[in-house]
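Q: Could you take a close look at one helix pair here and at the sheet beside it?
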Amino acid sequence: MIDSHVHLGGGKFLTGEEWFETATRVGVDGAVLVQHMGHTDSTELLAAAATDPTHHAVIAIAADLADAERQLEQGARGFRLGARGLHSAEGDLRIFDVLNAAAGVACVTKPYSEIASPEFASVVDAHPSVTFRLEHTAAFDYAARADPVGDFAPVIELARRPNTTLLWSGFHFYSSEKAPYRDSWAVLEESLAAFGPDRIMWSGDINRPGGTESAYLEDVDAIRAMPFVDDAVATSILDSTPRRVFGLAG
């Protein structure tokens, strides 16, 4: 099983050593290590990934375009970005050109309003060699919506682009329920129909505030409990899709 969104270090999250110990206990054999917001030094993530490079990839945050080039050379697979580009230089879309040249991954963060904008759809269209991963089910607060499926339509429209993928995670942020988060099911089922299991991956947010290993395992079970997810779909979302997208060994 692959966890597709794991934060490490910075005095706030697990160290690399702690991650590998935890991963063994919860049955995870690989991960996408993602830099947390406000930090551009990915030394710790790259060092952790280097201990098991066939099963770990790094998504960094770049300070500027030159830093992006350096981090790609150091082994980063892509960058965590806003829909309008670098967080440190809002509106600078050139980072997508850098990723397009490298056939890299853009992990796109909130807000939903920017992900759902026509301007972002144009960015996706203009960079066909970039794999766009929309984080945390596109940062969509489904529980606060009277018509969540209807309001989610811009993300469903993005699924028409073959270079888009979706991260199923963060249900605890938006759900008004405990696992298996049934109030999320309508949106997740709609996204599964649009993206397909070959373009959806999962994370249990193991470092979330108040999170425990037992809660993490409940979130794995929550995926399998969804009535529209059979065993083959679960295997794709929990394992084979992130392996393919991030070039991880089976």
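A: Sure: helices H3 and H4 are roughly parallel to each other, since angles under 35 degrees count as that (over 145 is roughly antiparallel, 65 to 115 roughly perpendicular, the rest oblique). This is a predicted model, where local features need pLDDT of at least 70, side-chain atom pairs count only at pLDDT 80 or more, and totals for chains, interfaces and linings use all residues. Residues are numbered from 1 along each chain as its sequence is written, and side-chain values use heavy atoms, with hydrogens and water left out.

H3 covers residues 65-73 and H4 residues 94-102; they pack at about 25°, axes 10 Å apart. Those axes are lines fitted to C-alpha atoms, for helices over the stretch in contact, with angles from 0 to 180 degrees between N-to-C directions. Helices (H or I, at least four residues) and strands (E, at least two) are DSSP runs, numbered from the N terminus. On the H3 side, Leu65, Ala68, Glu69 and Leu72 meet Arg94, Ile95, Val98 and Ala102 of H4. Contact means heavy atoms within 4.5 Å.

Now the sheet: 8 strands form an open, parallel one, ordered E1-E2-E3-E4-E5-E6-E7-E8. E1 (2-6) and E8 (200-202) are the edges with a single partner strand each, so one side of each lacks a neighbour in the sheet. The twist averages 25° from one strand to the next. E5 (105-108) and E6 (131-134) pair in parallel over 4 bridges; pairing takes at least two DSSP bridges. H4 also packs on this sheet, touching E4 (78-81), E5 and E6, and its direction makes about 155° with that of E4.
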